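User: Hey, can you walk me through this model? I'd like the overall layout and then some local details.

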Amino acid sequence: MTHIRPFCIGKLSLKNNLVLAPMAGITDSPFRILCLKGGAGLVCAEMVSAHALHYGNAKSGRMLQVSPKEHPVSMQIFGSDEETISQAAQNAEKAGADIVDLNAGCPVKKINKAGAGCVLMKDETKLARLLTAAIKSVKIPVTLKTRIALNHKEFLGARLAKLAEDCGAAAVTLHARAAVDMHSGEPDVEALANACQAVKIPVIGNGGVTNAARVKEFLEAGCAGVMIGRGAVGNPFIFQDIIDELAGRPVQAHTAQKRLEIYLKLIEENVDYYGERIGINRSRKIAGYWISGFPNAAAVRGEFVRLDTLPDVRALLRQVIS
Ligand SMILES: Cc1cc2nc3c(=O)[nH]c(=O)nc-3n(C[C@H](O)[C@H](O)[C@H](O)COP(=O)(O)O)c2cc1C
């Protein structure tokens with residue numbers, strides 16, 4: 001069985017079936033570009049509020065921006081009413097997104113209180129209305145990202161995958177953990193397999209994927225694609241590494257120094273993109289993923305979080321790199 005293969009979502013052709021997950025505060029344009037270079041077949045943007053876009057929120061508007069260097073890219077929207085979801089989908093399409101994804105899996109209270117994210121899993125009528133509104137508003141493929149379950153008693157993955165297919169979604173991503181587990185615990189591969197059997201549209205499996213063996217397991221369970229989240233944060237080459245390993249080719253070694261060089265480049269891109277203060281602040285939040293794997297990493301991280309300027313950050317990281 002060839003595990004890694006070209007992949008289609010609706011009429012969009014992807015070079016492979018490994019996808020970068022949407023992660024708020026992380027999968028912005030600089031990071032998405034890095035993951036495409038690292039071998040991802042598709043990259044997903046952090047979720048954007050349809051409501052905020054409707055009210056002209058500048059920060060949310062900026063989150064929809066697509067650089068010419070980052071195709072194919074999926075823009076994720078969240079919301080709770082058809083009109084704003086429809087508008088947001090159109091805005092994403094106009095901004096240059098290749099796919100619009102609707103979030104129905106986020107367990108964050110603030111999002112759920114506004115009637116969006118995983119609470120939609122409990123209201124299939126509303127979820128179908130929102131998804132249909134997005135699909136009818138754009139020409140690009142629309143996908144749904146949800147979960148296999150809300151709790152450990154009732155599995156909804158197969159039902160929700162079928163709902164997505166019946167509404168006309170081009171694919172469905174299933175996070176193989178219940179919403180009550182947030183982002184921790186082992187993925188439920190059996191629940192993924194059941195959902196895959198229920199539909200003809202591609203199912204993209206997600207949750208706890210950090211190596212080739214897990215990718216193989218998900219694909220052998222019937223998933224057409226595999227989405228990787230935190231496994232890519234300090235390691236954007238994970239996609240190519242998995243491709244190489246599954247093809248029986250040698251996997252490149254990534255030394256801590258090499259990874260720090262790439263992290264420094266990402267910090268520089270972030271500063272370019274957001275300005276120094278926000279760029280460094282965003283980079284700091286993911287420092288734990290990058291500044292690791294060498295003897296005094298904890299001390300370097302401790303020093304790094306106190307720095308505010310790019311020259312200081314450069315000086316610190318270059319000391320370790322050289
Ligand atoms: C910091 C963080 C932010 C996230 N933001 C989003 C988001 O904006 N939209 C979304 O659908 N999922 C979001 N997720 C969930 C991920 O897309 C993914 O489903 C989850 O991390 C499981 O995959 P993993 O085990 O490979 O990390 C987020 C997860 C993390 C850790």
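Analyst: Sure, here is a tour that goes from the whole chain down to single residues.
This is a predicted model, where local features need pLDDT of at least 70, side-chain atom pairs count only at pLDDT 80 or more, and totals for chains, interfaces and linings use all residues. Residues are numbered from 1 along each chain as its sequence is written.

User: Good. How many helices and strands does the protein chain have?

Analyst: The protein chain has 15 helices and 11 strands. These are DSSP runs numbered from the N terminus, with helices being H or I of at least four residues and strands being E of at least two.

User: And what radius of gyration does the protein chain have?

Analyst: The protein chain has 19 Å, which agrees with the value near 20 Å for a compact globule of 322 residues. The radius is taken over C-alpha atoms, and the globule rule is 2.2 Å times the number of residues to the power 0.38. Along its principal axes, the C-alpha trace spans about 55 × 50 × 35 Å.

User: Which domains does the assignment give?

Analyst: Domain 1 covers 7–246 and domain 2 covers 256–321; such bounds come from an automatic or database domain assignment. The C-alpha centres of domain 1 and domain 2 lie 28 Å apart. Eight residues from domain 1 and 11 residues from domain 2 make the contact, where two residues are in contact if their C-beta atoms, placed from the backbone, lie within 7 Å.

User: What classes of residue are on the domain 1 side?

Analyst: The side of domain 1 that touches domain 2 has five nonpolar, three polar and no charged residues. Here Ala, Val, Leu, Ile, Met, Phe, Trp, Tyr, Cys and Pro count as nonpolar, Asp, Glu, Lys and Arg as charged, and the others, Gly among them, as polar.

User: Now the ligand. Which residues are closest to the ligand?

Analyst: The closest are Ala-21, Met-23, Met-47, Gly-229 and Arg-230, out of 23 residues that surround the ligand. A residue is near a molecule if its C-beta atom, placed from the backbone, lies within 6 Å of it. By class, that shell has nine nonpolar, 11 polar and three charged residues.

User: Switching to packing: what share of the protein chain is buried?

Analyst: Buried residues make up 48% of the 322 residues. A residue is buried if 20 or more other C-beta atoms lie within 10 Å of its own, exposed if 12 or fewer, and partly exposed in between, with C-beta atoms placed from the backbone.

User: How many residues are in the largest nonpolar core?

Analyst: The largest nonpolar core has 104 residues, and Ile-77, Val-100 and Leu-192 are among those with the most contacts inside it. This core draws at least three residues from each of domain 1 and domain 2. The term means a set of buried Ala, Val, Leu, Ile, Met, Phe, Trp, Tyr and Cys residues joined through C-beta atoms within 7 Å.

User: What does Val-100 touch?

Analyst: Leaving out residues up to four places away in sequence, Val-100 touches several residues, including Met-75, Ile-77, Ala-134 and Ile-140.

User: And Leu-192, where is that one?

Analyst: Leu-192 is one of the buried residues in helix H8 (residues 189–198). The buried residues of H8 pack against strands E8 (142–149), E9 (171–178) and E10 (203–206), as well as helices H7 (157–167) and H9 (212–220).

User: Why is helix H1 largely enclosed?

Analyst: Because seven of the nine residues of helix H1 (residues 29–37) are buried. Among them are Phe-31, Arg-32 and Leu-36. The buried residues of H1 pack against several elements, including strand E6 (73–78) and helix H11 (256–274). Just after H1, Gly-39 takes a positive phi of about 105°.

User: Any odd backbone geometry elsewhere?

Analyst: Most residues other than glycine have a negative phi, and most peptide bonds are trans. Phi of Met-182 is near 50°, a positive value, and Met-182 sits in the loop between E9 and H8. The peptide bond from His-71 to Pro-72 is cis, with omega near -5°, and Pro-72 is found in the loop between helix H3 (58–63) and E6.

User: Is Met-182 buried or exposed?

Analyst: Met-182 is exposed, with 12 other C-beta atoms within 10 Å.

User: Last one: what does Ser-49 touch?

Analyst: Ser-49 touches Ser-60, Phe-78 and Gly-79, not counting residues up to four places away in sequence. Ser-49 lies in strand E5 (residues 48–49) and is buried, with 21 other C-beta atoms within 10 Å.
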